[in-house]
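Let's work through a few exercises together, with the model open beside you. Try each task before reading its solution.

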Amino acid sequence: MYTDRRQAWSLTPELEYAQRLTVLNLLNPEAAQRWLHEARQQLVGTETLSREWFVAMGLRNNETIRRGDLSELLSAAVRRMEADGSDEAVREVGELALLPGSDPAIFIPALERLSQASTEAAQTARRVLRTLRRLFPELPEPDRPVGPGARTEIVISYAGADRAWAEWVRWHLEAAGYATELDLVDWAPGTNVVASVHRALQRDSPLVVLLSAAYLEPDRFTLDEWTARLAQRRTDPAARVIPLRVEDVDLSDGLWAPVVVPDLFGLTPDRAVETLVDAVRSVVDPPAGGPAAAATAGHKGPRPPGSLPEVWNLPHRIGGFIGRAEVLEWLRDTLLEHRFAVVHGMSGVGKTLLAVEYAYRFAAEYDVVWWVSAEHEGVIADQFRALGMRLGIVDRETDPTVSVGRVIEYLATRERCLLIFDDAVDRQDVLPWLPQGMAHVLITSRRGIWQQVGPCVELDVLSRAEASRYRASERPDLAADEADQLAEALGDLPLALRQAAGYLSETGMSAAEYQRLLSTEAGAALELGKPVDYPQSLGSAITRSMVSLSELDPAAAAIMRLCSFLAPEPIAIDVILELAQPTDFSRALEPLSEVIGLPLARQQSLARIGAYGLARVAPGTVMVHRLTQAVIRSEMDPSVSSELLAHLGARLAQMRPDEPENPANWPAWAHWLPHLLAADPGRNADMFRAYAHDAVVYLVSCGDAGAARRLAEKLVADWRERLGPDHPSTLLAEDDLVRALRVSGDYQHAEYISEDVWERRRRVLGEEHPDTLQSASDVASVKSDLRQDQEALELQEQVLLNRRRVLGEEHPDSLRSMSEIAGSLTRLGRTEEALTLQEQVLEARRRLWGAEHPDTLRSMSEIAGSLTRLGRTEEALILQEQVLEARRRLWGAEHPDTLVSEADVVVSLKGLGRQQEAAVLQEKLREQRRRVLGEDHPDTLSSTAALAVLYMELGRILPARRLIDEAWQGLNRRLGAHHPSTQRIAEIRRTLVQIMGGSSSGRRKRRR
């Protein structure tokens, strides 16, 4: 399959979609073609799927192409290209080179020959060559021709924000006869950019560097070698580096300080071209054959970026535009290829800002840029008449219908025009106004109804990194953690970030106070700080959309009300259906009764939610932004809100998964837990409290100690405030917090809390209440964690005496105390005493509960551990194998306790000197834990470390080093550097590094 050998397509989404499409094509080729066409309209050029993927998969699904006739197909395409040299033939060859089973190397010679000309097809051939070399790094670099007639290829290096400058430089250098290569912009998704940069720098091609603030950002360079190589080229007399400033950026310090750097900005168009060409010709000889066809035809080409066309009516550009680089690249590519693009998304996501930024960034590429406010269809005609008068093709006396016709005709016959329809509501409002010609058309809309019209992209919220950069530019006084918390609360939504920054600056309110306002009065908070350039606040925009949706489709509005109390992440339609299945509907959900059992009507309601920009509706899921949820909740009548929350609590209770410790139930917990947390069990319905405890148990069991700790801390804080510090639920939440703290290795904090809980239970419940005794046992366990084994032993012995007196000799808690005492005795070196006590516990558990009760098997496992410590390893192995067999039979091969038994067997085999057998079992155990528990679960990482030790003992040093590094890095991430498990692995790693004679810093030394 082609994905096996395409580095650029080794990304998971492209692999997954290719496999899906392959299966679909086998079952239903027509459906595969239909899916491919629809997906291309939505996904091409996004992070999900690259354009090259669609090219290859389109050909792959073409029934006319068979493996047997592929060779002839390729040969014929090359012959056609060499015969007519047309641009269309070159494009065909470029597409066929991506076909699975083809060898791109066979196209290279023909493309190289064609690329030496000065034609449009030659420029396409050079672009195809650049793309093929980035998709297939193994292709050899061409032998550059020298002497008369040779074309020198110039690499143009630039930051993404300066693409307009890069295109301007490319156009004028191509017009002057040079071949060019843009870094970044021509490199396909999935390309190793750093490797490609290095390859470009290693060639003898001249390098044009476009210097700007964006280019000189420290984060732009991913390796120190980039700067080092530039410095080497600058100081090498034979090197050809041509730096040019495209922005007023300070070069007085750093790499470029000693260099005279010409400016391209702030000049007349002609002078800017002269400066560029002179700078290049001072380093590179003029190409033989003179300028290209475009230049000789008298075409002056694009103006320098920053210059606005005479016909222009755009709103003011917002300073400090941040992010959206990939969407802007998609937008530019799509308009160049299709001349039409739609950007849609929820209110406040930044559609208008993006359109304005695109227009300003590429203004020099257009002679006409006209902004049309399209929310109300009735005002579009007047805006077209205004454009006509600005163009001088109509006047005030011209009939309105005639005026509009002339404008549309004018736009249809001009190439360098950009028409922007902002906030379009309905396709039928806009379609009659679209020129059928070469003009570019950009539409922004809250509604996702444009896929049948042309290429679309749904604009998402900012990434957290982009939101943080925006915060730094707007409110540099906010601390990083404070700003991150605010961005989290605002869901990284651009308009919300702008409003919050403006309001905080105006009023001096702290970020924490604003977050509290959001949680209690979201609707009011999102009315504050409206930017002057935005027609309405975020709160008003959401409210208006919700009102319109309620009038058109009450069932859709009911779905939105239900989703407003769920998690702000993709919600499966099946979950919505299950939550909306009561026998008597609450007032908030009553309209759903009419569509809940009608799939077509239900789907239409979901489609309208997406069309109004209130949620992202994808196949099988709906996702509502947290601020949209907050506004909808804040505008509900309190009684309706309480009723809906009670209904939701009852339904979630019925959907709650079983046994949070069992990995088989973890996928269900992973889907259910976010919705429980969205219902805020700390502050809402009492029925949630027991489920919140199970949620902490689940998070601890699946290895996410950090999330468990955060949830437990929130529950403790909320229930202390709401229920009081000594309420049983509050104390239970603190028990959960102690458990999470112990797993995460924060033993000092766990000790403080466990002792505080014990003291309060003694005061409230009495010394001998079972819960008080459990608290005392918890304190002893923490002391054991802290290696205060003698204190732990004394406390456990006291707990045992009290439990025997209160609960009885053979109560489960009493027997558990005996096991814990045995553990302390073992750590104190009194293993014989520990073994005697463990045997007593085992005998009691067998008699009371049977030979295969979980606690009985746990006792057998503990006895095996003591036998191993006493050197009776053969006996230990026999007992461990019995436990393993029973656990496999009772609970399955992949239950966590079964995997613990396998780990015990490995330890015994190793103790008996059977390292090879132990290694085989440990490899199997590691894979099982990776599959069942996850790659980063602490138990999985412990298995990885244990396998590394076995490899080290078997002399397999290199794989041992790789595994120990993996375990050490994973435990650092999950548990922290100070956790005892991490420190133990770090010590093993240091030993291994010393054996290898290397560095334990975790980084390879750089060559200087």
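Strands β1 (residues 153–157) and β2 (residues 179–182) run parallel and are paired over 4 bridges. Here helices (H or I, at least four residues) and strands (E, at least two) are DSSP runs, numbered from the N terminus, and two strands pair if DSSP finds at least two bridges between them. This is a predicted model, where local features need pLDDT of at least 70, side-chain atom pairs count only at pLDDT 80 or more, and totals for chains, interfaces and linings use all residues. Residues are numbered from 1 along each chain as its sequence is written, and side-chain values use heavy atoms, leaving out hydrogens and water.

**Exercise 1. Find the order of the strands in the sheet around β1.**

Step 1. Begin with the pairing of β1 and β2, where I154 stands opposite T180. Between these two strands the chain passes through helix α8 (residues 163–175), a right-handed β-α-β crossover (with the strands pointing away from the viewer, the path from the first strand over the helix to the second runs clockwise).

Step 2. Add strand β3 (residues 207–211), which is parallel to β1 and joined to it by 3 bridges; V155 faces L207 here.

Step 3. Continue to β4, which pairs with β3 in the parallel sense over 5 bridges. L207 has V241 as its bridge partner in β4.

Step 4. Put together, the order is β2-β1-β3-β4, an open sheet of 4 strands with parallel pairing. Its edge strands are β2 and β4 (241–245), each of which pairs on one side only.

**Exercise 2. Decide whether β1 is enclosed or open, and find what covers the sheet.**

Step 1. Count the buried residues (under 20% relative accessible area; exposed is over 50%, partly exposed in between; 1.4 Å probe, protein chains only). In β1, 5 of the 5 residues are buried, so the strand is largely enclosed by the rest of the structure.

Step 2. Check each face. In a regular strand the side chains alternate between the two faces of the sheet. In β1, E153, V155 and S157 are buried on one side, and I154 and I156 on the other.

Step 3. Look for helices. Helix α11 (residues 269–281) lies across β1, β3 and β4, at about 160° to β4 (axes are lines fitted to C-alpha atoms, for helices over the stretch in contact, and angles run from 0 to 180 degrees between N-to-C directions; contact means heavy atoms within 4.5 Å).

**Exercise 3. Classify the ring pairs F384–W433 and W672–Y691.**

Step 1. Recall the rule: rings of Phe, Tyr and Trp (its six-membered ring) pair if their centres lie within 6.5 Å; planes under 30 degrees apart are stacked, over 60 edge-to-face and the rest tilted. The count comes to 8 aromatic pairs.

Step 2. For F384 and W433, the centres are 5.1 Å apart and the planes at 50°, so this pair is tilted. F384 is in helix α15 (residues 380–391) and W433 in the loop between α17 (427–430) and β9 (440–445), 49 residues apart. F384 is buried at 0% relative accessibility, and W433 is buried at 10%.

Step 3. For W672 and Y691, the centres are 6.2 Å apart and the planes at 75°, so the pair is edge-to-face. W672 is in helix α29 and Y691 in helix α30, so the pair ties together parts 19 residues apart in sequence. Both W672 and Y691 are buried.

Step 4. Extend the picture: ring pairs link W669, W672, Y691 and Y698 into a cluster.
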